[in-house]
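Here are my notes on this entry. Please read them with the structure open beside you.

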2 protein chains.
Amino acid sequence: MTISARVHYATLALIELALRQPEKTPVAVREITRRHGIPGPFLVQILRTLRSAGWVQSVRGSQGGYRLAVEPADLTLLEIAEAVGCPESNCQTDATDTPANQMVHEVWDAASEASRAVLARTTLAEIAARTAEGDAVMFYI
Amino acid sequence: MTISARVHYATLALIELALRQPEKTPVAVREITRRHGIPGPFLVQILRTLRSAGWVQSVRGSQGGYRLAVEPADLTLLEIAEAVGCPESNCQTDATDTPANQMVHEVWDAASEASRAVLARTTLAEIAARTAEGDAVMFYI
DNA sequence: ACCATACTTGACTAATCGGATCAACTTTCT
DNA sequence: AGAAAGTTGATCCGATTAGTCAAGTATGGT
């Protein structure tokens with residue numbers, strides 16, 4: 001499981017937006033980068049992806065920024081990871097389709113499915129709430 | 001879950017060796033590459049790693065090759081993947097250790113732990129046996 | 001003894017990817 | 001008008017992966 005910085009940053013940003021959803025003014029990119037130490041224009045690039053996915057809404061002009069466009073409870077970490085991260089773990093069957101090859105593929109698929117299941121059952125709302133509490137949380141395997 | 005070709009090839013080679021363990025003569029690299037379409041000298045590089053890990057034994061000279069050095073039932077896919085693949089998913093705590101950061105890290109860790117659990121409970125013996133079955137089936141087609 | 005076979009070692013190249021940056025432009029608030 | 005923000009597209013760098021080469025060494029068969 002590679003936790004590409006891209007996905008990590010995206011999640012951080014979304015948590016920030018989720019926590020500040022009650023505010024009426026949108027949150028500026030600058031603020032998020034300062035808060036979480038995310039390299040400036042890189043976050044912009046990520047937010048662009050999130051926008052075209054429909055998770056966030058951008059407000060231009062002065063006093064502009066970003067705002068969450070969906071319910072945090074409806075957004076799972078899996079969706080975030082897949083939208084922003086690697087371009088789909090393409091499980092195309094190789095040309096050399098020996099039985100050994102198939103077996104190995106099956107195991108890899110099972111493993112990746114297991115980790116995806118964990119991400120699929122964690123919502124943004126959940127992780128944002130826990131962040132707010134500052135609580136130590138146990139995630140069961 | 002990235003299934004680096006390195007790990008994939010390593011597993012394929014080990015399956016081959018496991019299946020031919022009863023033979024007295026070691027298996028030549030050339031043969032393995034032909035069977036599974038693995039690029040020649042790349043497999044050598046991988047086998048070197050497997051050797052220094054102690055999983056396989058090399059026999060030099062003519063009639064030489066590789067031979068499994070452990071019981072297939074004692075070797076899990078997790079061990080293989082970690083020995084040959086990425087250099088440990090280094091989960092170093094970032095300098096900016098905000099609560100959000102910690103939360104996100106916890107989820108990633110849980111996810112990666114889930115997939116590792118799958119690999120940890122699959123042994124080489126198991127996957128080799130299943131491959132053998134598949135081979136038998138193919139024989140009749 | 002000799003030669004073909006096969007592993008050993010170490011360095012080396014090529015392509016891809018993730019991370020990050022820049023510059024020029026548009027929109028909106030005051 | 002001017003400052004503050006986001007928008008877009010091009011680009012760059014460094015690390016990692018995949019894959020290669022060549023010179024060397026050991027072994028078995030004849």
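**Cavities, symmetry and the DNA surface**

1. The largest cavity holds about 50 Å³ of space. Keep in mind that this is a predicted model. A search of the whole structure finds two cavities of 30 Å³ or more.

2. Which residues line the largest cavity? They are B:L17, B:R20, B:Q21, B:E23, B:T25, B:P26, B:V27, B:Y66, B:R67 and B:L68. Strand β2 (residues 65–68) of chain B gives the largest share of this lining, with three residues. By class, the lining splits into five nonpolar, two polar and three charged residues.

3. The second largest cavity has a volume of about 40 Å³. Its lining is made of A:L17, A:R20, A:Q21, A:E23, A:T25, A:P26, A:V27, A:Y66, A:R67 and A:L68. Here the largest share, three residues, is from strand β2 (residues 65–68) of chain A. Five nonpolar, two polar and three charged residues make up the lining of the second largest cavity.

4. Next, the relation between the chains. A turn of 180 degrees and a shift of 0.1 Å along the axis lay chain A on chain B with an RMSD of 0.1 Å. That is the relation of a two-fold axis. The same surface serves both copies, since 89% of the contact residues of chain A recur in chain B.

5. Now DNA strand D. It is surrounded by 24 residues. The closest are A:V29, A:S58, A:G61, A:Y66 and B:A5. The surface near DNA strand D has ten nonpolar, nine polar and five charged residues.

6. Which elements supply at least two residues each of the surface near DNA strand D? From chain A they are α3 (40–53), β1 (56–59) and β2. From chain B they are α1 (5–19) and α3 (40–53).

7. What part of DNA strand D lies within 4 Å of the protein? Of those atoms, 69% belong to sugar or phosphate, and the rest to bases.

8. Three atom pairs deserve a look. A phosphate oxygen of DNA strand D is 2.2 Å from an N or O atom in the side chain of A:Y66. Check that distance. A:Y66 also appears in the lining of the second largest cavity. A:G61 uses its backbone: an N or O atom there lies 3.1 Å from a sugar or linking oxygen of the strand. From chain B, a polar side-chain atom of B:R60 lies 3.2 Å from a base oxygen of DNA strand D.

Notes
Residues numbered from 1 in each chain as written. Chains lettered and ligands numbered in written order. Predicted model: local features only at pLDDT ≥ 70, side-chain atom pairs only at ≥ 80, totals over all residues. Heavy atoms only, no water. 1 Å grid on protein atoms, 1.4 Å probe; cavity = no way out; pocket = protein on both sides within 12 Å on 5 of 7 lines; lining within 4 Å. Points joined across faces, edges and corners; volume = space filled by probe spheres on them. Helix = DSSP H or I, 4+ residues; strand = E, 2+ residues; numbered from the N terminus. Nonpolar A, V, L, I, M, F, W, Y, C, P; charged D, E, K, R; others polar. Least-squares fit on C-alpha atoms with pLDDT ≥ 70 in both. Contact = heavy atoms within 4.5 Å. Near = heavy atom within 4 Å. Polar contact = N/O pair within 3.5 Å; in protein donor to acceptor, adjacent residues only side chain to side chain.
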